[in-house]
Every structure is written in structure tokens, then in C-alpha cells.
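Dear colleague,

I am handing over the structure below, together with a description of what was found in it. Could you look through it with the notes that follow beside you?

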Amino acid sequence: MVLRSPQDALYALVSDWPIHGGVHQQRAIDFCRAWLAGRMPAETVRQAFILAALEAGVPIDDHEGDASRADSR
């Protein structure tokens, strides 16, 4: 799954997450919702999502820098 925004992350955390009730999962959900309301920067949401992924044992292939290269083509 490729996540391109906190909205994508929220969907994954709520719908496709392998465990439920994790502390970091709930925090990431709250941060995603705050981003949707304009109260949280995307980078903060990203960091919370990474912690939730670590908590759940979800592998992450973080290509944050790749997006900027793709946009310059």
C-alpha cells in the first residue's frame, strides 16, 4: 500500500491495520483527524504513523525523498 497523505494513513489505520487498540495507533488516528481539521502538520502525522507501524510490526519503506524527485521530472 502506498500512502500519499495523512488521509491515506487514516484509512489504513482504521481499515487495514493488523492490530487494534495500540497506543501509537490511536495517537496516529487522532493526529490524522487533527490534520484533516487543519490543526496538525503533515510531518507530525507522518512521525506518529511510523511509531504506530513499529508498534504493529508493519514494515515501512519510507521514500520521503523520492516524491520530490518525481515532482521535478
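**Phe31 and its surroundings**

Phe31 is a residue of helix H2, and before going further I should say that the model in which it sits is a predicted one. With a relative accessible area of 16%, Phe31 falls under the 20% limit and therefore counts as buried. Once residues up to four places away in sequence are set aside, the contacts of Phe31 are with Met40, Thr44, Val45 and Ala48. For Thr44 there is also a backbone distance to report, since its C-alpha atom lies 7.8 Å from that of Phe31, with the two positions 13 residues apart in sequence.

**Overall layout**

The protein contains four helices and zero strands, and reading along the sequence gives the pattern α-α-α-α. Its length is 73 residues, of which 27% count as buried. If one takes the contacts with a sequence separation of 6 or more, 46% of them are between residues 24 or more positions apart.

**How H1 meets H2**

Helices H1 and H2 pack with their axes 9 Å apart and at an angle of about 145°, and their crossing is left-handed. On the H1 side the contact is made by Pro6, Gln7, Ala9, Leu10, Leu13 and Val14, which meet Gln25, Ala28, Ile29, Cys32, Arg33, Trp35 and Leu36 on the H2 side. Sorted by class, the residues of this contact are 10 nonpolar, two polar and one charged.

**The nonpolar core**

The largest nonpolar core has 16 residues, and the members that touch the most others are Leu13, Trp17 and Cys32. At least two residues of this core come from each of helix H1 (6-16), helix H2 (23-36) and helix H3 (42-56), with H3 giving the most, namely six. Leu13 and Cys32 have already appeared in the contact of H1 with H2, whereas Trp17 deserves a section of its own.

**Trp17 and Phe49**

Is Trp17 buried or exposed? Its relative accessible area is 7%, which is under the 20% limit, so Trp17 is buried. Leaving out residues up to four places away in sequence, Trp17 touches Ala12, Gln25, Phe49, Ala52, Ala53, Ala56 and Val58. One of these contacts is of particular note for the ring geometry, as a search of the whole structure finds one aromatic pair. The pair is formed by Trp17 and Phe49, whose ring centres are 5.3 Å apart, and because their planes stand at 65°, which is over 60 degrees, the arrangement is edge-to-face. It joins distant parts of the chain, with Trp17 in the loop between H1 and H2, Phe49 in helix H3, and 32 residues separating them. Phe49 is likewise buried, because its relative accessibility of 13% is under 20%.

**Partly exposed residues**

Three further residues, which fall between the buried and exposed limits, are described here.

Ile19 is placed in the loop between H1 and H2, and at a relative accessible area of 32% it is partly exposed, because that value lies between 20% and 50%. Apart from its neighbours within four places in sequence, Ile19 is in contact with Gln25, Glu55 and Ala56. Its C-alpha atom is separated by 9.8 Å from that of Val58, which is 39 residues apart from Ile19 along the chain.

Arg46 belongs to helix H3 and is partly exposed, with a relative accessible area of 23%. The distance from Arg46 to Pro6 is 7.2 Å, C-alpha to C-alpha, although 40 residues separate the two in sequence. Pro6 is itself one of the H1 residues that meet H2.

Ile60 is in the loop between H3 and helix H4 (64-71), and its relative accessibility of 38% makes it partly exposed. When residues up to four places away in sequence are not counted, Ile60 touches Ile50 and Ala53, and Ala53 is also among the residues touched by Trp17. Between the C-alpha atoms of Ile60 and Val2, which are 58 residues apart along the chain, the separation is 10.0 Å.

With kind regards

Methods. Residues are numbered from 1 along each chain as its sequence is written. This is a predicted model: local features need pLDDT of at least 70, side-chain atom pairs count only at pLDDT 80 or more; totals for chains, interfaces and linings use all residues. Side-chain values use heavy atoms; hydrogens and water are left out. A nonpolar core is a set of buried Ala, Val, Leu, Ile, Met, Phe, Trp, Tyr and Cys residues joined through side-chain atoms within 4.5 Å. Buried means under 20% relative accessible area, exposed over 50%, partly exposed in between (1.4 Å probe, protein chains only). Contact means heavy atoms within 4.5 Å. Rings of Phe, Tyr and Trp (its six-membered ring) pair if their centres lie within 6.5 Å; planes under 30 degrees apart count as stacked, over 60 as edge-to-face and the rest as tilted. Axes are lines fitted to C-alpha atoms, for helices over the stretch in contact, and angles run from 0 to 180 degrees between N-to-C directions. A crossing is left-handed if the near helix is turned anticlockwise from the far one by less than a right angle, and right-handed if clockwise. Ala, Val, Leu, Ile, Met, Phe, Trp, Tyr, Cys and Pro count as nonpolar, Asp, Glu, Lys and Arg as charged, and the others, Gly among them, as polar.
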